[in-house]
Amino acid sequence: MSRRLQWIDIAKGMGIIFVFFGHIRFEPRIQLIIYSFHIPLFFSYQDMFFQIKIG
């Protein structure tokens, strides 16, 4: 049985898309908006779901 949550997968997918768009030259205002959240989005999800498995 899968314990994956669909909204998390969707958010990760959107983050990947925003990273892709972050590497394309857009109008500076649009780039500023994308750069303001796309990397923090990944770090926040990494911190939320990081689990240390010992043994």
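# A two-helix chain and its nonpolar patch

Helix α1 supplies the largest share of the nonpolar patch, with 3 residues. Please keep in mind as you look around that this is a predicted model. The chain holds 2 helices and 0 strands, and buried residues account for 15% of its 55 residues. Below is a short tour, starting at the surface and moving on to the contacts made by individual side chains.

**Overall surface**

- The accessible surface of the chain amounts to about 5,100 Å².
- Carbon and sulfur atoms hold 67% of that surface.

**The nonpolar patch**

- Six names to pick out on the surface are I17, F20, F21, I24, F26 and I30, which together make a nonpolar patch of about 500 Å².
- I17, one of the patch residues, sits in helix α1.
- I17 counts as partly exposed, because its relative accessibility is 45% and that class runs between the 20% and 50% limits.
- F20 is another member of the patch, and its place is also in helix α1.
- With a relative accessible area of 52%, F20 is exposed, since the cut-off for that class is over 50%.

**Where the patch residues stand relative to H38**

- From I17 to H38 the C-alpha distance is 9.1 Å, with their positions 21 residues apart in sequence.
- From F20 to H38 the C-alpha atoms are separated by 9.8 Å, and here the two residues are 18 apart along the chain.

**Aromatic pairs**

- The chain has 2 aromatic pairs.
- One pair to look at is F18 with F37: the ring centres are 4.9 Å apart and the planes meet at 80°, so the pair is edge-to-face.
- The reasoning is easy to follow, because ring centres must lie within 6.5 Å to pair and planes over 60 degrees apart count as edge-to-face.
- This pair links distant parts of the chain, as F18 belongs to helix α1 (residues 6–22) and F37 to helix α2 (residues 28–49), with 19 residues from one to the other.
- F18 is partly exposed at a relative accessible area of 25%.
- F37 is likewise partly exposed, its relative accessibility being 29%.

**Q31, a buried polar side chain**

- Q31 is located in helix α2.
- Its relative accessible area is 14%, so Q31 is buried; the limit for that class is under 20%.
- The side chain of Q31 reaches the backbone oxygen of I24 at a distance of 3.4 Å.
- Setting aside neighbours within four places in sequence, Q31 is in contact with G22, I24, R25 and F26.
- Two of those partners, I24 and F26, also appear among the residues of the nonpolar patch.

**The salt bridge**

- Searching the whole structure turns up 1 salt bridge.
- Its partners are E27 and R29, whose closest N and O atoms are 2.6 Å apart.
- E27 is partly exposed, with a relative accessibility of 38%.
- R29 is exposed, and its relative accessible area is 59%.

**Y35 on helix α2**

- Y35 is found in helix α2 and is partly exposed, at a relative accessible area of 45%.
- Y35 and H23 lie 12 residues apart in sequence, and their C-alpha atoms are 9.6 Å apart in space.

**Points to take along**

- For a view of how α1 and α2 meet through side chains, the edge-to-face pair of F18 and F37 is a handy place to look, as it links distant parts of the chain.
- For a buried residue, turn to Q31, whose side chain reaches the backbone oxygen of I24.
- For the nonpolar surface, the patch of about 500 Å² can be viewed with α1 in front, the source of its largest share.

Definitions and conventions. Residues numbered from 1 in each chain as written. Predicted model: local features only at pLDDT ≥ 70, side-chain atom pairs only at ≥ 80, totals over all residues. Heavy atoms only, no water. Phe/Tyr/Trp six-rings, centres within 6.5 Å; stacked < 30°, edge-to-face > 60°. Helix = DSSP H or I, 4+ residues; strand = E, 2+ residues; numbered from the N terminus. Buried < 20%, exposed > 50% of the residue type's maximum accessible area, 1.4 Å probe, protein only. Patch = residues over 30% accessible without salt bridge, like charges linked within 9 Å, V, L, I, M, F, W, Y side chains within 5 Å. Areas by Shrake-Rupley, 256 points an atom, 1.4 Å probe, with all protein chains shown as cover. Salt bridge = Lys/Arg side-chain N within 4 Å of Asp/Glu carboxyl O. Polar contact = N/O pair within 3.5 Å; in protein donor to acceptor, adjacent residues only side chain to side chain. Contact = heavy atoms within 4.5 Å.
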